[in-house]
Amino acid sequence: MTLYEKYVFVLCLIVFLCFTLLFTVMIVSLLRSTVKLIRKGYEDENIRAEYFRAKKKKKRFVWLPKVAAFVVSVVFVLAFCLSMVLFFAERTNDLGLATLRVVKTPSMATKHENNAYLDRNNLVDQLQVFDLILVHDLPDESELELYDIVVYKTENGPVIHRIIGIEEPNEKHPDVRYFRLQGDANKYSDSYPVLYSQMQAIYRGERVPFVGNIVLFLQAPAGWLCILLILFGQIAIPIVEKILTREIEQRLRIMDSADWKELPASYSIAPIVISRFRMSMRIQRKDPIVHIRIHEEKGNLKITLPKGRQKK
């Protein structure tokens with residue numbers, strides 16, 4: 001990794017730690033508030049209603065949301081791993097076997113009008129920006145032919161261009177072949193001839209359009225942060241649900257529900273967590289200037305509107 005890449009990695013790690021700390025404080029604060037409401041009985045009505053509603057529901061497919069969340073997380077992690085493999089593969093001179101590359105420039109996206117050889121030879125294998133292509137290990141130098149698309153290294157990174165000319169060894173360069181390359185969308189060929197030793201791979205036509213956009217995002221600091229936050233969520237959410245489930249079970253025992261045995265599989269924690277804010281959000285969506293007053297009456301929270309704004 002270059003010095004800049006190390007700097008970006010450290011910066012991303014610091015931002016992740018800051019976000020993790022912020023989200024942890026927010027989650028702990030909300031969790032404490034919700035647990036306090038449950039223990040004092042303010043959520044008894046919601047707990048009981050959700051309990052009996054869950055008992056009436058069929059238990060089919062209650063596992064589906066968790067499985068879906070797990071699958072999405074696994075897909076993101078695998079995509080991230082793939083993007084990192086591609087990231088390091090681009091910095092490897094000798095690939096040795098087929099690998100994937102992302103097309104990052106539009107130099108092969110269209111046919112320039114000056115490049116008559118494209119139509120003359122029916123070359124329609126242009127590459128769009130963000131295409132994900134499969135490239136193969138280079139054949140022997142003698143097997144490279146005109147109009148092959150190859151990957152070669154430069155100071156600014158890998159370039160994917162087409163061979164448009166081959167200069168055999170002569171008096172000026174008796175021991176090497178010179179390859180002239182050009183992007184299909186470019187008016188002129190590349191500034192300098194390319195040697196076989198500079199080439200890394202050859203493209204044979206396998207590509208997936210526009211998927212490279214996702215790969216590049218996951219290679220960027222924003223992608224790293226996204227993956228880390230997903231992993232953080234996968235760790236934090238089960239812990240929060242376990243704590244709330246234990247508190248709800250204890251509250252149900254205190255309420256001594258005659259029909260209570262255990263929480264049904266379809267019991268949902270979410271309505272309990274957001275019930276305190278539900279009425280407030282509903283009122284403020286309809287009239288943002290309304291100020292509501294929350295007070296306790298006979299062990300229950302009661303929301304009162306100012307005079308003149310009570311619902312008719």
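**Salt bridges around Arg162 and Arg207**

A salt bridge joins the side chains of Asp184 and Arg162, with an N to O distance of 2.7 Å. The two partners come from separated parts of the chain: Asp184 sits in the loop between β5 (178-182) and β6, Arg162 in strand β4, and their positions lie 22 residues apart in sequence. The model is a predicted one, and seven salt bridges are found in it.

**The network at Arg162**

- Arg162 also forms a salt bridge with the side chain of Asp125, again given as N to O, at 2.7 Å.
- This second pair likewise links distant parts of the chain, 37 residues apart, with Arg162 in strand β4 (residues 157-167) and Asp125 in the loop between α4 (116-120) and β2 (132-137).
- Asp125, Arg162 and Asp184 thereby belong to one network of salt bridges.

**Burial within the network**

- Arg162 has 0% relative accessibility and therefore counts as buried.
- Asp184 is buried as well, because its relative accessible area is 0%.
- Asp125 counts as partly exposed, because its relative accessibility is 29%.

**The Asp131–Arg207 pair**

- The side chains of Asp131 and Arg207 meet in a salt bridge with an N to O distance of 2.5 Å.
- Asp131 belongs to the loop between α4 and β2, and Arg207 to strand β6 (residues 199-208), so this contact ties together parts 76 residues apart in sequence.
- Asp131 is buried, at a relative accessible area of 0%, whereas Arg207 is partly exposed, at 37%.

Methods: Residues are numbered from 1 along each chain as its sequence is written. This is a predicted model: local features need pLDDT of at least 70, side-chain atom pairs count only at pLDDT 80 or more; totals for chains, interfaces and linings use all residues. Side-chain values use heavy atoms; hydrogens and water are left out. A salt bridge is a side-chain nitrogen of Lys or Arg within 4 Å of a carboxyl oxygen of Asp or Glu. Helices (H or I, at least four residues) and strands (E, at least two) are DSSP runs, numbered from the N terminus. Buried means under 20% relative accessible area, exposed over 50%, partly exposed in between (1.4 Å probe, protein chains only).
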